[in-house]
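Work through the exercises below with the structure open. Try each task before reading its solution.

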Amino acid sequence: MSDIKKPILVFGATGQQGGSVTTALLKTGWSVRAIVRDTGSAKSVALRDAGVELVQGTLADTTTIQRAMESTHGVFSVQPSSPGGELSDEDEVRYGISIADLANDTGVEHLIYSSGGAVGDKPTGMGHFDSKAQIEAHIRTLPIASTIVRPATFMEMLVLPGFGLEEGRLNFFAKPDQSMQLLAVEDIGKFVAAIFADRARFAGKTFEIASDTVTGRDMETLFTKAAGRPITYSRFSDAVLAANPFLDRLTALLDQGPLAGHADLNALRKINPEMQSFATWLAGSGRTSFEQALGTGGAWQYNNA
Ligand SMILES: NC(=O)c1ccc[n+]([C@@H]2O[C@H](COP(=O)([O-])OP(=O)(O)OC[C@H]3O[C@@H](n4cnc5c(N)ncnc54)[C@H](OP(=O)(O)O)[C@@H]3O)[C@@H](O)[C@H]2O)c1
């Protein structure tokens, strides 16, 4: 079993994945240290109030990162990717590799790297997935005990502005009868906490994490029920895909398989018995953002066309 007396260093703790991991680690008794860019931001202050030790730094501050890794049991590594606009794919690779190298050199006992659901043996042709494949390949060359998780499409993506909910419809990647796996962000932390708790079982493993499989028609049924009024579902139109190479390439990746997801949900439920179906998420932690999406307009911002 793992040494729970030592802290875990979490990257991206003010964000979705790192935030979920921090919550789950604190809940299971770990102490958490987090690298944040601004210790005075509202999210950083909330982390400190929850008991997290904050270290001011950026992904480029290798000396700070190395110092923050000293005497930790583990490191949770996640990097922002190019669709967010701040980092290039090359930045993501550089930072992902540097964090892994620093963890290895500092004697960290367990590194968990969060990659991407569509990452596999073959290049996807999309920068923000192929960057993660490069980081994965580097981590596998290092002697450090490491586990790589590949999160499926977040349920939270479905309620972002721009996918149509404010107009009583949802347009997404799947055809009505096509399945894709989804993951509640809250479950990322629960999987990661379970993996940190049992290094001997999970070291050296790479696996997809997801918490449900749904078709387009399932999304229509579940959203309609949750909204109390009809929400129609269809795949993005040909015109939208022709005008948007980024969405078009992601849609092709679903048709080709990688973005559909191949996680073993039964095995994952044994690791995280609380993992959420899409219906559970919609009635629980996703409810507020779903209601906001029903009432707001706007467009999802991405700049990686
Ligand atoms: N599977 C999916 O559906 C899905 C969906 C979205 C994203 N992703 C993947 O998830 C990863 C991002 O994770 P996330 O969604 O948890 O991110 P997020 O919510 O956007 O949060 C980004 C985190 O990184 C920190 N950060 C941003 N830019 C930074 C920089 N230049 N230097 C240092 N820290 C920086 C932010 O901290 P500050 O407080 O300092 O801003 C924040 O904690 C990406 O690699 C992306 O490809 C997957």
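**Exercise 1. Find what share of the contacts with a separation of 6 or more links residues 24 or more positions apart, then describe the chain as a whole.**

Solution. This is a predicted model.
Step 1: Take the contacts in the chain with a separation of 6 or more; residues 24 or more positions apart account for 77% of them.
Step 2: List the secondary structure. The chain has 13 helices and twelve strands.
Step 3: Check the dimensions. The C-alpha trace spans about 55 × 40 × 35 Å along its principal axes.
Step 4: Compare with a globule. A compact globule of 305 residues would have a radius of gyration near 19 Å, and the chain has 19 Å, so the two agree.

**Exercise 2. State how much of the chain is buried, and describe its accessible surface.**

Solution.
Step 1: Of the 305 residues, 52% count as buried.
Step 2: The accessible surface comes to about 13,200 Å².
Step 3: Carbon and sulfur atoms hold 51% of that surface.

**Exercise 3. Decide whether Q178 is buried or exposed, and list its side-chain partners.**

Solution.
Step 1: Locate the residue. Q178 sits in the loop between β8 (169-172) and β9 (179-183).
Step 2: Apply the cut-off. Buried means under 20% relative accessible area. Q178 has 16% relative accessibility, so Q178 counts as buried.
Step 3: Look for polar contacts. The side chain of Q178 makes one with the side chain of R235, at 3.1 Å. Another, of 2.9 Å, joins the side chains of Q178 and D255.
Step 4: Widen the view. Leaving out residues up to four places away in sequence, Q178 touches F173, V214, T215, G216, R235, L254 and D255.

**Exercise 4. Describe the shell around the ligand, then find polar atoms of T14, G15 and R37 beside ligand oxygen atoms.**

Solution.
Step 1: Count the shell. The ligand has 21 residues around it, and T14, Q17, R37, Q79 and F154 come nearest.
Step 2: Sort the shell by type. Nine residues are nonpolar, eight are polar and four are charged.
Step 3: Map the shell to elements. α1 (16-27) and β7 (153-154) each supply at least two of its residues.
Step 4: Read the distances. An N or O atom in the side chain of T14 is 2.4 Å from a ligand oxygen atom. For R37, a polar side-chain atom lies 2.7 Å from an oxygen atom of the ligand. At G15, a polar backbone atom is 3.1 Å from a ligand oxygen atom.
Step 5: Finish with coverage. On its own the ligand has 920 Å² of accessible area, and the protein covers 75% of that.

Definitions and conventions. Residues numbered from 1 in each chain as written. Predicted model: local features only at pLDDT ≥ 70, side-chain atom pairs only at ≥ 80, totals over all residues. Heavy atoms only, no water. Near = heavy atom within 4 Å. Polar contact = N/O pair within 3.5 Å; in protein donor to acceptor, adjacent residues only side chain to side chain. Areas by Shrake-Rupley, 256 points an atom, 1.4 Å probe, with all protein chains shown as cover. Helix = DSSP H or I, 4+ residues; strand = E, 2+ residues; numbered from the N terminus. Nonpolar A, V, L, I, M, F, W, Y, C, P; charged D, E, K, R; others polar. Rg over C-alpha atoms; globule rule 2.2 N^0.38 Å. Buried < 20%, exposed > 50% of the residue type's maximum accessible area, 1.4 Å probe, protein only. Contact = heavy atoms within 4.5 Å.
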